[in-house]
Amino acid sequence: TPVQAAEKTYTIGTDVTYPPFEFANKSNQYIGIDMDLMNAVAKIEGFKVNIKPLGFNAAVQSLESGQIDGVIAGMTITPERQAKFDFSTPYYKTGVIMAVAKNSDITSLSQLRGKRVALKTGTAGATYANSLKDKYGFTTVTFDDSNNMYQDVTTGNSVACFEDQPVMQYGIQQGLGLKIATKPANNGYYGFAVKKNANQALLKKFNAGFKKLKANGTYDKIVKKYVGANS
Ligand code: GLN
């Protein structure tokens with residue numbers, strides 16, 4: 001009898017919690033747009049994934065040092081990152097917004113002077129905020145995950161944070177005590193990443209799988225499951 005080749009397993013790093021893209025459900029399973037997409041791609045392309053919720057910055061660092069095979073974590077495709085990583089076909093539109101406490105009267109960057117702002121280490125939001133820091137005269141404090149960053153704002157330690165628009169929009173719908181204060185900036189797209197010039201086979205499989213899932217409606221179904229018609 002012919003022996004079937006065992007499916008290859010890839011180790012994929014992700015954020016600890018970044019709804020609606022990755023988060024744990026009540027039975028502690030990892031779900032969300034990124035997780036469902038990754039699992040669907042693996043299934044259709046015939047490979048297995050070992051998902052590691054490392055946190056965003058740690059996942060990106062682990063990918064750069066070659067400890068993991070790929071990252072899917074609501075990761076924005078940026079020119080700086082493209083020097084270190086190869087990205088898949090873009091799959092979701094994003095942009096950076098400033099969020100403030102629900103009852104805050106801050107509506108613009110110019111109201112941040114002398115105030116403290118919460119950022120998430122290694123993110124596009126942090127890069128954007130750091131580029132405005134001198135001009136608008138605010139100080140920053142950094143956190144490794146989004147929840148702790150949000151909490152610093154809801155408790156009043158910081159007056160604002162910078163987050164991706166689709167993530168903040170979802171969080172607000174889920175009852176996060178924050179509101180969006182600015183229009184999306186540095187707009188771009190999320191992509192699945194592998195280390196530059198390494199793991200081209202995995203990248204090819206991801207793109208091939210994504211193409212099929214787009215064509216057969218599975219991708220749109222996944223998105224609708226989490227964000228309804230709001231995408
Ligand atoms: N999209 C943002 C980035 O790529 C944030 C990602 C995240 O926090 N998981 O930097």
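A residue counts as buried when its relative accessible area is under 20%. In this predicted model, Glu163 has a relative accessibility of 3% and is therefore buried. Glu163 belongs to strand β10, which spans residues 160-164. Along the chain, Glu163 is 77 residues from Asp86, and a distance of 23 Å separates the C-alpha atoms of the two.

Helix α6 covers residues 165-173, and its buried residues include Pro166, Val167, Met168, Tyr170 and Gly171. After α6 comes Gly175, which has a positive phi near 100°.

The ligand was examined next. It occupies the largest cavity, and 13 residues surround it. The closest of these residues are Gly74, Arg81, Lys120, Ala124 and Asp164. Asp164 places an N or O atom of its side chain 2.6 Å from a nitrogen atom of the ligand. For Asp15, a polar side-chain atom lies 2.8 Å from a ligand nitrogen atom. The backbone also takes part in such an approach, with a polar backbone atom of Ala73 found 2.9 Å from a nitrogen atom of the ligand. On its own the ligand has 300 Å² of accessible area, and the protein covers 100% of it.

Aromatic contacts were then considered. A pair of aromatic rings is described by two quantities, the distance of the centres and the angle of the planes. Across the whole structure, the search returns 12 aromatic pairs. One of them is formed by Tyr10 and Phe47, whose ring centres are 5.3 Å apart. The planes of Tyr10 and Phe47 meet at 85°, and because an angle over 60 degrees defines the class, the pair is edge-to-face. This pair connects distant parts of the chain, since its members are 37 residues apart. Tyr10 is located in strand β1 (residues 9-14), whereas Phe47 is in the loop between α1 (33-45) and β4 (48-53). Both partners have low values against the cut-off of under 20%: Tyr10 is buried because its relative accessibility is 3%, and Phe47 is buried because its relative accessible area is 3%.

An edge-to-face arrangement is also found for Phe210 and Tyr219, with 5.2 Å from centre to centre and 80° between the planes. Phe210 has a relative accessible area of 5% and is therefore buried. Tyr219, with a relative accessible area of 3%, is likewise buried. In addition, ring pairs join Tyr18, Phe21, Tyr91, Tyr92 and Tyr190 into a cluster.

The loop between α2 (56-64) and β5 (70-71) contains Gln67. A residue is classed as exposed at over 50% relative accessible area, and Gln67, at 60% relative accessibility, is therefore exposed. The side chain of Gln67 makes a polar contact of 2.7 Å with the side chain of Ser65. Gln67 is also 9.6 Å from Gly13, C-alpha to C-alpha, while the two are 54 residues apart in sequence.

Several backbone features complete the description. Most peptide bonds are trans, and most residues other than glycine have a negative phi. The bond that joins Pro19 and Pro20 is a cis peptide bond, with an omega of about 5°. Pro20 is part of the loop between β1 and β2 (23-24).

Positive phi values occur at two asparagine residues, Asn186 and Asn197. Asn186 is not a glycine, yet its phi is positive at about 45°. This residue lies in strand β12, comprising residues 185-190. With a relative accessible area of 52%, Asn186 is classed as exposed. Asn197, also not a glycine, has a positive phi of about 60°. The position of Asn197 is in the loop between β13 (193-195) and α7 (200-215). Its relative accessible area of 67% means that Asn197 is exposed.

Terms used. Residues are numbered from 1 along each chain as its sequence is written. This is a predicted model: local features need pLDDT of at least 70, side-chain atom pairs count only at pLDDT 80 or more; totals for chains, interfaces and linings use all residues. Side-chain values use heavy atoms; hydrogens and water are left out. Rings of Phe, Tyr and Trp (its six-membered ring) pair if their centres lie within 6.5 Å; planes under 30 degrees apart count as stacked, over 60 as edge-to-face and the rest as tilted. Helices (H or I, at least four residues) and strands (E, at least two) are DSSP runs, numbered from the N terminus. Buried means under 20% relative accessible area, exposed over 50%, partly exposed in between (1.4 Å probe, protein chains only). A residue is near a molecule or strand if one of its heavy atoms lies within 4 Å of it. A polar contact is a pair of N or O atoms within 3.5 Å; within protein, one must be able to donate a hydrogen and the other to accept it, and residues adjacent in sequence count only if both atoms are side-chain atoms. Accessible areas come from the Shrake-Rupley method with a 1.4 Å probe; for residues, only the protein chains shown count as cover. On a 1 Å grid over the protein atoms alone, a cavity is a set of points where a 1.4 Å probe fits but cannot get out, and a pocket is an open set with protein on both sides within 12 Å along at least five of seven lines; lining residues have an atom within 4 Å of a point. A molecule sits in a cavity or pocket if more than half of its atoms lie within 2 Å of its grid points.
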